[in-house]
Amino acid sequence: MIKMDGIAAFVATAESGSISEAARQLGHAKSVVSERLTELERTLGVRLVQRTTRKLSLTEDGDSFLPRAQRILFEAREAQSEIAERRDTLAGTLKLSAPVSFGVLHLGPALYGFLAEHPGLELTLDLDDRFVDAAADGFDAVIRHGPVADSRLVAKRLATTRRILVASPDYLARNGTPHSLACLNAHKGIVYTNREADWRFDGPEGWTVIRPCSVMRVNNGLIMRDAALAGLGITLLPDFFVHAELADGSLVHVDVGAAAEGAELYICYPLARTPSAKIIAMTDSLRRAFGNPPYWDRSARAESRPAAALVAEEITPTIAR
């Protein structure tokens, strides 16, 4: 008889391309996943995976079996969820991917209450700033900040965010305060490398692109924030990174008379799958936790102080709502 844990081991291995990665995703030792995969092959009487010292690939039988194995696994999980729903509970596994910094600052705390309400859930949260493939990497859902152009995903909006130019009072006291977009060219920028190295602003004459002279390029928002706190330069960050620092005055809003391009937070799941009760419940819970408008936006608007008051003058996808 085919065992479900063998199917899970095969699907994770096939989707990740590695027994080691499958073991990490499933939370088992590599030897356990290998044994379960071997047992499944023995039960079916065919070899599903071709193992070599350099790479792992599916055999012809493996390619043929994979779509059915994925459906079996998905249906089994959905059946478990449906039974749990009938008992007015949520149960089973849930695998979620999110950006590192947002996960640490806001997503983690928002999920703690959700998990406490549903003790039957087992959540795997993978924090990674790289662009993950929700279906291929085995995620039930992913959190995205910014436009979702992948037609294979359905995106549900979680919250709005603003991008804000910020700097430390010390930096502005030493270098002056820019009051226009043109003045930004004379300043040092701390730039996010996972986006184009451009700052886009909606000004009186329409959209304007600024390409700052970078003093630091980094792919992590928390490092960018800390670099600004250290007085290295001006940076453009989502409000959820800096609302606390704006409140205590360690960073100030640099007003150049134009609003930076904003972005939204989405929870996305593969188009080919019907959203489970777990995904729907988690989405609703996160929306309540973040608020509308989100708490970081209310805090940033209420507490931020214009830089001009503190420092010297300038010296020189398929989207579903």
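**Burial, cores and a five-stranded sheet in a predicted model**

Cys183 counts as buried, because its relative accessibility is 18%, under the 20% cut-off. Cys213 sits on the other side of the scale: at 54% relative accessibility it counts as exposed, the limit being over 50%. No disulfides are found in the chain. A disulfide is a covalent bond between the sulfur atoms of two cysteines.

The model is predicted. Mean pLDDT for the chain is 84. A value of 70 or more is reached by 88% of the residues. Residues 305-321 fall below 50 in pLDDT. This stretch nevertheless has 57 contacts in the model beyond near neighbours in sequence.

The chain holds 321 residues, and 44% of them count as buried. Its secondary structure comprises 10 helices and 16 strands. The accessible surface comes to about 15,800 Å². Carbon and sulfur atoms account for 51% of that surface.

Five of the strands form an open sheet. Their order is β11-β8-β12-β7-β13, with mixed pairing. The edges are β11 (213-218) and β13, each of which pairs on one side only. Strands of a sheet pair through backbone hydrogen bonds, either parallel or antiparallel.

Within this sheet, β7 spans residues 163-167. Strand β7 runs antiparallel to β12 (residues 234-238), and four bridges join the two. Leu165 of β7 has Leu236 of β12 as its bridge partner. Strand β7 also runs antiparallel to β13 (residues 252-253), here through two bridges. In that pair, Val166 is matched with His253 of β13.

Strand β7 is largely enclosed by the rest of the structure, because five of its five residues are buried. In a regular strand the side chains alternate between the two faces of the sheet. Both faces of β7 are covered. Arg163, Leu165 and Ala167 lie on one side. Ile164 and Val166 lie on the other. Residues on both sides are all buried.

Nonpolar packing was examined next. In soluble globular proteins, nonpolar side chains tend to be buried together. The largest nonpolar core has 38 residues. Those touching the most other members are Phe102, Leu107, Ile143, Leu265, Met282, Leu286 and Phe290. For Met282, contacts outside its neighbours within four places in sequence are Leu94, Leu96, Leu111, Phe114 and Ile267. A second, separate core contains 18 residues, including Ala8, Val11, Ala22 and Ala69.

Thr13 belongs to helix α1, which covers residues 4-16. Thr13 counts as buried, because its relative accessibility is 0%. Leaving aside neighbours within four places in sequence, Thr13 is in contact with Ser18, Ile19, Ala22, Val33, Leu37 and Leu56. One of these partners, Ala22, is also a member of the second core.

Key. Residues are numbered from 1 along each chain as its sequence is written. This is a predicted model: local features need pLDDT of at least 70, side-chain atom pairs count only at pLDDT 80 or more; totals for chains, interfaces and linings use all residues. Side-chain values use heavy atoms; hydrogens and water are left out. pLDDT is the predictor's confidence in each residue, from 0 to 100. Contact means heavy atoms within 4.5 Å. A disulfide is a pair of cysteine sulfur atoms within 2.5 Å. Buried means under 20% relative accessible area, exposed over 50%, partly exposed in between (1.4 Å probe, protein chains only). A nonpolar core is a set of buried Ala, Val, Leu, Ile, Met, Phe, Trp, Tyr and Cys residues joined through side-chain atoms within 4.5 Å. Two strands pair if DSSP finds at least two bridges between them. Accessible areas come from the Shrake-Rupley method with a 1.4 Å probe; for residues, only the protein chains shown count as cover.
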